[in-house]
Amino acid sequence: MNSIFVDKFYEENNRKPKVNITTFGCQMNEHDSEIIMGLLSERGYEATEDRKNSDVAIINTCSIRENADKRFFGTLGQLKKLKENNPEFLVCVCGCMMQQQHIIDELKNKYRWVDVIVGTHNLHNLPKLIDNIKSEKKKQIEILPEAVEMIEDLPSKRLYAEKALVNIMYGCNNFCTYCIVPYTRGRERSRSPEAILAEIKKLVADGVREVMLLGQNVNSYKGELEDGSPCPFPKLIRLIDQVPGLERIRFMTSHPKDMSDELILAFKECHKLCKYVHLPVQAGSNEVLKRMNRKYTRESYLTLVEKLREAVPEITISTDIIVGFPGETEEDFQETLDLVRKVRYDSAFTFLYSIRKDTPAEKFTDQIPEDVKHERFNRLVELINEISGEKNKQYVGNVEEVLIESISKNNKKAVAGRTDGFKLVNLEGDESLIGKIVKVEITEGKTFSLEGKLI
Ligand code: 5AD
Ligand code: SF4
């Protein structure tokens, strides 16, 4: 019994300590935060959205672009004021930024009041470090240079009741020249298929209907079954497809260089696998793709898209695109626009190239001026939105199965959910629909979402 919950203060006040978690970045981080909250709930903490009235604030950081760094330091600035008013208030920082030495140096020099610093490989130790600070009365820093063990059976406090994030692997071996992830998340490690299946069965028993399998590059998942036989990603999907009670399987992210014919076949044959794929292209010019170390060409990418659509005509496709990578000429950029016109993505995430310390592209000499990057970015976004809008309009009159996730953001009398193809749909309805898969007639196609009515 050494948790903060049994601290005299909370006992005397007869209340649970409150923790506020701020999460930056991708779904992996989101899931890490769910695990942190799961671990802390087991120790008697309760979550709060109200940072000002919390006892412990945790920032789960992202280092993918400079913007994420800036937002982290902005949030820390706000926490400093709370700490000044209440020295008992604990500030903990974790996640990808903590795997970068220059960030740790900055925290040690300029932010000495931060109480706990923990990296990505030992996140599960965060509650113990919070306990330690109470007993040892000194700052706790625990960063491992690489993962040492795969911890299973960690609890998770899910954001949604009906859908869950499930890690199938950690890390990345690809070393795209712009990307910090292989340095902050380490080399690829695959969880065992049995452990993944056991987790999914447990989730289904808890009411989950949809799982999102997570990995930086799920196509290179290399599981091994208990009998020692290999279990590549398509086989894992087929095993998960058999889990009774589960209705939908999604995954994120696929590297185009590793998308196999077996996986394309799984889209055709696995009933529960949603007909949606996120297939980051990053750029449409072979010259740029080569310097990004992406290991495919625009031609092979376009062939892959063709194969996917041939196998599953209704499949929806989204992507990530970086604008203004070092050396990108107007001609290179035109090739990106051309590829977008050819593929006609359902949606796309667009990013301004951001220099990441200690990545190969940091050293590339021909960095693109900010104004040129922005101008290209605007042209790209305009094209993408035009295509998304056109594609969404084609859904009008269709009947789609929608898993209702929440009350709509902008209308309290409406609910929001996702189609099999991951399209966001808003429709009139109340809380009772949340968690259900309902049939919806699409009445309007907008740029980023669909409107519909229950049938
Ligand atoms: N600058 C801009 N975008 C980046 N991404 C990764 N690293 C960078 C960077 N340095 C984008 C890629 C990736 C997505 C998650 O973030 O498009 O697919
Ligand atoms: Fe980064 Fe490339 Fe790995 Fe994706 S595949 S995480 S972009 S290095």
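How many Å separate the centres of domain 3 and domain 4, taken over C-alpha atoms? In this structure, which is a predicted model, the answer is 29 Å, and the two domains do meet, since seven residues of domain 3 are in contact with seven residues of domain 4. To see where these two parts belong, it helps to follow the domain assignment along the protein chain, which gives domain 1 at residues 4–142, domain 2 at 163–271, domain 3 at 275–391 and domain 4 at 399–454.

Taken as a whole, the protein chain contains 13 helices and 21 strands, and its C-alpha atoms fill a box of roughly 65 × 55 × 50 Å along the principal axes. A compact globule of 455 residues would have a radius of gyration near 23 Å, and because the protein chain has 23 Å, its value agrees with that expectation. Among contacts between residues at least 6 apart in sequence, 73% join residues at least 24 apart.

The next step is to ask what lies inside and what faces outward. Of the 455 residues, 54% count as buried, while the accessible surface of the protein chain comes to about 21,100 Å², with 50% of that area belonging to carbon and sulfur atoms. The chain also carries 67 positive and 72 negative side chains, and the centres of these two sets lie 2 Å apart.

Two individual residues can now be examined in turn, beginning with Lys18, which has its place in strand E1, a strand covering residues 18–23. Lys18 has a relative accessible area of 25%, and because this value lies between the cut-offs of 20% and 50%, the residue is described as partly exposed. Leaving out residues up to four places away in sequence, Lys18 touches Glu46, Thr48, Asn53, Ser54, Asp55 and Val56. Val204, by comparison, stands 186 residues from Lys18 along the chain, and the C-alpha atoms of the two are separated by 29 Å.

Asn174 is found in a loop, the one between strand E8 (169–170) and helix H6 (181–185). Is Asn174 buried or exposed? Its relative accessibility is 7%, and because buried means under 20%, Asn174 counts as buried. When neighbours within four places in sequence are set aside, Asn174 is in contact with Glu188, Asn217, His255, Lys257, Asn293 and Lys295.

Terms used:
Residues numbered from 1 in each chain as written. Chains lettered and ligands numbered in written order. Predicted model: local features only at pLDDT ≥ 70, side-chain atom pairs only at ≥ 80, totals over all residues. Heavy atoms only, no water. Helix = DSSP H or I, 4+ residues; strand = E, 2+ residues; numbered from the N terminus. Rg over C-alpha atoms; globule rule 2.2 N^0.38 Å. Buried < 20%, exposed > 50% of the residue type's maximum accessible area, 1.4 Å probe, protein only. Contact = heavy atoms within 4.5 Å. Areas by Shrake-Rupley, 256 points an atom, 1.4 Å probe, with all protein chains shown as cover. Lys, Arg positive; Asp, Glu negative; His and termini not counted. Charge placed at Lys NZ, Arg CZ, Asp CG, Glu CD. Domains from an automatic or database assignment.
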